[in-house]
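Thanks for coming. I have a few minutes on one structure, so let me put it on the screen and go straight in.

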Amino acid sequence: MAKILIDGKPLEVTDGLTIMKAADSAGIIIPRFCYHPAFVPEGSCRMCLVEIEGLPKLELACSTVVRDGMKISTGSENVVEARRGVLEFLLAEHPLDCPICDKAGECTLQDYYEGYGRYKGVFQEFKEKREKKLVLGKSLALDRERCILCTRCVRFLTEVTKTQELGVFKRGVRSEIGPYEKEPVDNNYSGNLVEICPVGAITDLDFRFKTRPWFLNTGESICPLCSRGCNIYIDYLPGFARQEETKKVLRIRSRENLRVNGYWICDLGRYGYSRLDQNRWEEPAMYQAGKRIGINWDKALIVLAEKIKGLVIRARTARIAVLAQTYLTNEELFLLRRLFRDDLRVERILFVDPPQGTGDELLLTADRSPNRRGAQEIGFDLNLPTLEAATQGTELLLVFGSFLHDRFDLAGVKTALEKVATKFLFTPRVRDHNALFDFVLPTAMTAEKSGSLTNFEGKVQKFGPALELRGESLPEWRFLVNLGKELRTNYRYYNQFVSPKEIFREMVKEIPFFEQDR
Amino acid sequence: MEEKVLTRHFGLENFYKIEVYLKQGGYQAVKKALLEMKPEDVLAEVKKANLRGRGGAGFPAGVKWGFVPQKVQKPRYLCVNADEGEPGTFKDRYIMAHIPHQLLEGIIISSYAVGIHSAYIYIRGEYEAIAQRLEQAIAEASVKGFLGQNILKSGFDLDLAVHRGAGAYICGEETALLESLEGKRGHPRLKPPFPASVGLFQSPTVINNVETIVNIPVIIAQGADWFVQKGLPKDGGTRIFGVSGAVKKPGIYELPMGASLKEIIYKYAGGLPEGRTLKAVIPGGMSAPVLTAEEIDIKMDFESLVAANSMLGSAAVIVIDDRTSMLQVLKTITKFYSHESCGQCTPCRIGTSWIHKIVTRIAEGKGEKDDLETILRLASNIKGKTLCPLGDAAAMPILSLTQKFSKELAAELPN
């Protein structure tokens with residue numbers, strides 16, 4: 001351990017740490033452009049220069065290792081002047097694009113000028129003219145005039161994805177970022193480049209000109225599109241109450257979690273956000289003779305409860321089948337087990353998950369649902385059933401989720417469902433097979449729920465809602481609790497579940513796996 | 001005339017051919033080192049000779065060699081820096097053209113001393129003919145058994161290759177040289193770690209200038225004491241001064257370390273052309289701070305020039321007379337550094353170009369009142385703040401010129 005002083009504040013630091021890492025861990029902010037904790041220090045932006053007592057020149061915080069007894073100043077006159085110098089240099093060749101640049105409001109150059117600049121600009125020469133919109137791949141645009149040559153993009157593609165699409169070309173002030181090949185930046189992590197670019201040089205064509213960051217609200221969530229469970233931020237326009245069309249999700253960003261996804265998310269999780277507010281099933285409905293009739297949750301609940309009670313009394317619970325999927329949270333899966341398997345003795349709780357994809361070596365897994373591990377730990381068999389197994393001899397079918405016709409063809413699903421007397425569908429989405437059911441009830445997406453998910457490594461992640469519930473939709477856990485109460489199998493048990501927190505507490509008692517601080 | 005040490009045979013015909021070189025006593029130093037001395041003895045002798053680097057930085061060669069770890073399980077490398085990029089410097093091209101075999105001797109002895117078995121000569125791309133001459137000399141030396149395996153049956157192996165650069169001043173900076181040699185863009189590396197521990201291909205590497213290396217056979221043949229006597233107590237040997245600019249006899253002049261600058265200009269280089277008066281002298285290559293005509297009464301050694309707030313650098317003396325506008329000199333200097341900046345770090349990349357833009361604007365007659373103040377401030381923001389010494393190499397002449405000739409420059413600006 002090394003004992004050092006940063007701005008007079010004593011710190012004990014592990015040997016071998018850089019000043020930057022020591023400062024970051026102590027909450028002391030040293031400004032930086034090229035440094036990123038995921039990469040080897042580069043030392044080219046010169047913004048992180050600090051003063052070390054006894055040394056004649058300023059030294060870089062990002063690459064200088066602490067030594068016992070070091071006295072570091074991050075705010076001395078020399079440091080202040082050096083920082084202002086770096087900003088003055090960068091802004092000299094930087095275009096005055098703020099009014100039209102997407103990065104405004106979340107731009108490091110803007111923020112640092114506010115904090116460390118505030119000088120009177122004297123540059124009156126002609127700025128270098130460069131390419132302003134070089135399309136770098138499916139969704140990226142490079143503006144070479146804005147680029148400050150921090151080379152984070154180049155290093156991300158070299159050190160993280162190891163695909164090396166980008167490099168630096170030419171020399172001196174004519175240096176520019178560019179692709180080596182004619183087909184540039186075509187990998188599943190390209191969206192991260194927009195996040196790590198400190199300025200508006202690399203921007204997302206998907207987000208271009210849509211809004212200003214200060215109009216957006218941000219919620220925290222977990223991406224459900226594979227079993228990694230990457231932590232995300234969801235940026236959305238809040239819109240107006242009860243006017244769903246004014247609410248819009250505009251962006252998903254990565255949320256740092258060194259235990260799960262590090263600093264990144266993949267493009268699959270980043271760009272699919274339109275599923276959150278497009279084609280949503282938002283009102284409870286029933287289909288009678290092919291016609292869709294609006295109903296309310298209470299009515300649906302009563303009808304379902306009566307059907308179940310009827311079958312239980314006549315000892316025909318074998319005629320009930322449940323099709324679930326592993327987008328359901330741990331709490332919801334636990335309720336399924338408790339209510340259907342344990343209380344009602346329903347044997348057929350089957351799982352229809354989205355089909356597997358291809359995983360990569362970074363984050364994306366082949367398994368494309370977020371909670372298969374959770375379902376396994378709760379004790380379900382996840383093998384894909386045949387449509388026959390689900391519908392043969394079934395009088396009451398409950399389908400949670402909407403992956404039926406991703407695994408089976410629509411015609412086959414139609415034929416199979418016609419054999420079932422009463423069919424309930426709990427789904428968040430508008431899909432072709434919705435009209436095949438008697439009751440279609442709107443549920444929440446992961447982003448609108450609270451609960452927990454277990455990733456493929458066995459890490460249990462608790463999360464809260466990032467977005468509000470849309471229309472009349474409810475999270476599945478709330479409906480299952482109401483059903484439990486309505487059925488009166490064990491009223492007091494279900495009545496304690498006012499939130500997923502209580503469900504989780506019960507779950508831990510029965511399944512010790514979930515007791516973890518992993 | 002002082003006794004010449006390095007340039008003794010510069011006029012001798014075909015001295016670059018090994019037969020002629022051998023006849024004059026060539027490769028005796030190699031024989032002495034490899035067959036009669038232990039590597040650590042060679043190292044000790046070079047240390048004792050107080051040979052300071054001749055590339056510009058002036059770091060003691062023996063001390064640098066001593067930094068190379070001997071116990072690491074990695075190959076050690078020697079890189080001879082023949083990039084000779086510093087404007088005003090042309091001594092190394094003469095050395096390599098006239099006495100290539102002495103350079104090879106120096107390489108062999110240096111490698112032996114440090115335990116190096118692979119050596120490179122990194123030569124600037126523009127020196128195509130000289131690179132060919134070096135290749136020729138290497139071929140001749142290999143045939144005679146001075147290179148390759150088991151040299152002179154001593155058990156010492158050494159492979160030597162010539163690598164040509166591609167036209168970048170920055171590749172004269174030692175870590176950028178290594179990057180270029182590895183096939184990458186010539187971007188300097190952060191130091192520490194220093195090349196002596198982490199150098200070429202992440203292995204311990206010694207990098208020395210051509211002139212430094214050609215002094216090694218002399219030290220071994222004549223002994224360290226003799227060598228020190230030729231120069232100054234802490235600064236052994238002779239120096240090859242390159243004189244250019246407004247003199248009657250531009251060229252190279254080998255003189256003892258500590259020779260008088262006045263003598264170099266007036267006695268050896270023949271003084272200024274008729275009717276011209278001295279205005280300024282750049283003493284050590286373009287990146288050395290400029291001396292005014294009143295400041296040339298000075299000894300040309302490392303310490304004396306540092307005391308005068310300049311540097312000996314590559315000992316390239318550029319003489320400027322009253323014909324030359326210092327504004328044009330400033331424009332040339334800034335054009336060079338902005339063109340050669342590698343672009344990695346912010347202050348040098350943008351600062352050199354910005355200052356050049358200001359100077360160009362002044363030269364077009366559109367100068368502003370505060371321009372000189374801005375130039376000084378920007379240069380101070382470059383100096384000491386960059387990733388490699390090119391920033392300092394740019395900032396120092398800009399600062400010294402703007403300060404010492406502020407009156408002449410200010411005359412171009414509106415008051």
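Start at A:V50, whose bridge partner in β4(A) is A:E59. Before I go on, this is a predicted model, so please treat everything I say as a reading of that prediction.

That pair belongs to a hairpin. Strand β3 of chain A covers residues 49–52, strand β4 of chain A covers residues 59–60, and the two pair in the antiparallel sense over two bridges. Between the strands of this hairpin there are six residues. If you look at the backbone there, A:G54 takes a positive phi, near 95 degrees.

Now, which other strand is joined to β3(A)? That is strand β5 of chain A, residues 71–73, again through two bridges and again antiparallel. Here A:I52 stands opposite A:I72 of β5(A). As a general reminder, side chains in a regular strand alternate between the two faces of the sheet.

Stepping back to the whole chain, the domain assignment splits chain A into domain 1 at 2–91, domain 2 at 93–204 and domain 3 at 285–514. Between the C-alpha centres of domain 1 and domain 3 of chain A, the distance is 53 Å.

Last, the interface. How many residues of chain A are in contact with chain B? There are 24, and they meet 24 residues of chain B. On the chain A side, the largest share comes from helix α2 of chain A, residues 77–92, with six residues. By type, that side of chain A has 13 nonpolar residues, six polar and five charged.

That is what I have. Questions are welcome.

Note on methods. Residues numbered from 1 in each chain as written. Chains lettered and ligands numbered in written order. Predicted model: local features only at pLDDT ≥ 70, side-chain atom pairs only at ≥ 80, totals over all residues. Contact = placed C-beta atoms within 7 Å. Helix = DSSP H or I, 4+ residues; strand = E, 2+ residues; numbered from the N terminus. Nonpolar A, V, L, I, M, F, W, Y, C, P; charged D, E, K, R; others polar. Pairing = 2+ DSSP bridges. Domains from an automatic or database assignment.
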